[in-house]
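Student: I should like to work through this protein fold with you, step by step. May we begin once the sequence and structure are in view?

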Amino acid sequence: MNDPKTDNESHAPDEKAVPEKKTVRFRSYQDSIFASQAGTLILHWSRQIGKSHVLAHWAVARVVDKLEKHPTWLITVLSNSRDNGAEFCLKAAEASRFYNADCETADESPNLAFENMRMEIRITRTFQSAKGPVKHVGRIKVLAANPRTARGFSGDLILDEFAFHENSHAIWEAAEPILSANKEFLCRIASTGNGRHNLFYRMAHGTLQSANDGTVFQSAAGFSVSRLTRSEAYKLGVEIFDPNTRASITPEQARAKALDKRAYDQNYECKFEDENTCLLTHELIQVAERHQLSIPIDEQVWSARSLARLASAEGQLFLGGDIGRHRDLTVFAVVEQAGSLRRVIAMLRLSGLRLPEQQRQLEPILGLPKFGRACLDMTGLGLGLVEYAQERWGSYKVQGVNFSSTEPIGDRIRFEGRRHETARVTEIMATDLLAMFEDRTISIEVELDADAREDLRKPEKVTSPGGRVSIASTRDSAGHADHFWALALAIRAAQTVPYIGRIIVPTGRRADAIAARRNREPWGC
């Protein structure tokens, strides 16, 4: 164990043997991390801005410095993959050249299995003593991340991509007592986010006011955290290039080009997303899409193409409308019923339009011969539109839905073990829509752009400690899950309307029986 009280007698270094440190050029946010003496420091940084680079230099410099007083020094790196472990070794070996340190690397892994990874970098310094030259040897060991390897170290610790370590709680439980046993032992934890169901999130998350520019702050759990987003790193000189054209772009342009906005925000903007609570995953949406049949989503007014498709529909049509004006969009979604399949065949987005103008866009749909029913959001601004439409078309054809109301739960929610007999109407609608995606009974035949696709993925199921379930969705410049709720309302409209087939007039004995009951006369007399 690297205990200064039990180490062998320290030796004055031979001037000729002292490694000559070359100039290492760091960015400003890397300098503060390299020089930090914090006991435990967490780096919650964007990808590709140099956290492995600065940690590799920190590890080498730390060993070189500690070998001044100790005959040995150990830094253990627990990595989440063999590739990441090998990459750290390469960066550490490269960093050693800046200190003119005698460095050698070794891969002592018995096989290529990740759990058996055992790589090592040895740094040797030679000192002169009264007895002659003495060699001090420091090691940087790179091991597979698991509780067993966490218990085996004695020295400094680096947890690389800690959010991706399996059983991260057990790893920290094994490592923390060792770090607490010696005040010289330091710990560095670095990772991008990986949802909220891991120890890294609990250790690193702060408040909305926490700095994102690399300035160290205290997390909610009391740890020192440096958080640095791609947007802030860009201001500090980190360039970004378009993956296709290789042209220089801004963080805003990079996010606009990202197909998965949630993954981008987590990887580059240091947000903790949680795919596990996202109702509609990318996979579910992609399976439902029918690109060969798709037409664009209309903007501000129904296109002639959409109106022609709706007029030629063979099945009944149902409309869902999520109503907004200033902060949120109004989105109308129209589905066609084809047996058990619901085909999303038209969609319209309205932005900044007054209610009379929104009413004019409802008219051509509600007047179609095949139109069955509409469900419109009547929470807040939507109430006026619902009242107008009901007055014009009747309450049977137009139903208002108050998003704050509750309703009896169905079998799907009951089978989840819900104790309460009622639930918010938003949860019921979201659950019904999710069921259609999972059962593959919905077909999306409009072209989903990036905003619409991300909008469909915004709603999340949130369960409070008391067991209360709610559906929450984030609001950004693209909306507040308006596309999702318009689609959920359209599905609700289709579910609450019985199928209207041709009317069969009874004949013969059945007709006589019905007539007898109507006349209250015994049949057969």
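Tutor: The exchange below treats the overall fold, the sheets, the salt bridges and the nonpolar cores.

Student: How many helices and strands does the chain have, and what share of its residues counts as buried?

Tutor: This is a predicted model. The chain holds 18 helices and 22 strands. Among contacts between residues at least 6 apart in sequence, 65% join residues at least 24 apart. Of the 525 residues, the share that counts as buried is 52%.

Student: In what order do the 9 strands of the open sheet stand?

Tutor: The pairing in this open sheet is mixed. Neighbouring strands are turned by 15 degrees against each other on average, direction ignored. The 9 strands follow the order S3-S4-S5-S2-S6-S7-S1-S9-S8.

Student: Which strands stand at the edges of that sheet?

Tutor: In the order S3-S4-S5-S2-S6-S7-S1-S9-S8, one looks at the two ends. Each edge strand has a single partner strand, so one side of each is left without a neighbour in the sheet. The edge strands are S3 (102–107) and S8 (213–218).

Student: Which residue stands opposite Leu 74?

Tutor: Strand S2 (residues 72–79) and strand S5 (residues 132–144) run parallel and are joined by 8 bridges. Opposite Leu 74, in S5, stands Arg 139.

Student: Which strands does helix H3 lie across, and at what angle does it run to S4?

Tutor: Helix H3 covers residues 82–96. It lies across S2, S3, S4 (118–129), S5 and S6 (156–160). The angle between H3 and S4 is about 25 degrees.

Student: Which residue forms a salt bridge with Arg 139, and how far apart are the closest N and O atoms?

Tutor: Side chains of opposite charge can pair when their charged atoms come close. Arg 139 lies in strand S5 and its partner in strand S4, so the pair ties together parts that are 19 residues apart in sequence. Arg 139 is partly exposed, with a relative accessible area of 31%, whereas the partner is buried at 5%. That partner is Glu 120, and the closest N and O atoms are 3.7 Å apart.

Student: Which residues does the network of salt bridges with shared partners join?

Tutor: The structure holds 21 salt bridges. One of them is the pair of Arg 139 and Glu 120. Through shared partners, the network joins Glu 108, Arg 118, Glu 120, Arg 122 and Arg 139.

Student: Is Asp 242 buried or exposed?

Tutor: The side chains of Asp 242 and Lys 257 meet in a salt bridge of 3.1 Å, N to O. Asp 242 lies in the loop between helix H7 (230–235) and helix H8 (251–257), and Lys 257 lies in helix H8, 15 residues apart. Lys 257 counts as partly exposed at 49% relative accessibility. Asp 242 has a relative accessibility of 3%, which is under the 20% limit, so Asp 242 counts as buried.

Student: How many residues apart in sequence are Glu 299 and Arg 349?

Tutor: The side chains of Glu 299 and Arg 349 meet in a salt bridge of 2.4 Å, N to O. Glu 299 is partly exposed, with a relative accessible area of 44%, and Arg 349 is buried at 8%. Glu 299 lies in strand S11 (residues 298–299) and Arg 349 in strand S14 (residues 341–350), so the pair ties together parts whose separation in sequence is 50 residues.

Student: Which helix gives the most residues to the largest nonpolar core?

Tutor: The largest nonpolar core has 70 residues, and Phe 88, Ile 140, Phe 162, Trp 172 and Ile 189 have the most contacts inside it. Trp 172 touches, among others, Leu 159, Phe 162, Ile 189 and Met 203. The helix that gives the most, with 9 residues, is H2 (residues 51–66).

Student: How many residues does the second, separate core have?

Tutor: This core includes Ala 288, Met 436, Ile 444 and Leu 489. Its number of residues is 40.

Student: Through which helix does the chain cross from S15 to S16?

Tutor: Strand S15 (residues 371–377) pairs with S16 in the parallel sense over 4 bridges, and Cys 375 stands opposite Gln 399 in S16. In S16 (residues 398–401), Val 398 and Gly 400 point one way and Gln 399 and Val 401 the other way, and all are buried. The β-α-β crossover is right-handed, and the connecting helix is H13 (residues 382–393).

Technical notes:
Residues are numbered from 1 along each chain as its sequence is written. This is a predicted model: local features need pLDDT of at least 70, side-chain atom pairs count only at pLDDT 80 or more; totals for chains, interfaces and linings use all residues. Side-chain values use heavy atoms; hydrogens and water are left out. Buried means under 20% relative accessible area, exposed over 50%, partly exposed in between (1.4 Å probe, protein chains only). Two strands pair if DSSP finds at least two bridges between them. A crossover is right-handed if, with the strands pointing away from the viewer, the path from the first strand over the helix to the second runs clockwise. Axes are lines fitted to C-alpha atoms, for helices over the stretch in contact, and angles run from 0 to 180 degrees between N-to-C directions. Contact means heavy atoms within 4.5 Å. A salt bridge is a side-chain nitrogen of Lys or Arg within 4 Å of a carboxyl oxygen of Asp or Glu. A nonpolar core is a set of buried Ala, Val, Leu, Ile, Met, Phe, Trp, Tyr and Cys residues joined through side-chain atoms within 4.5 Å. Lists of a residue's contacts leave out its neighbours within four places in sequence.
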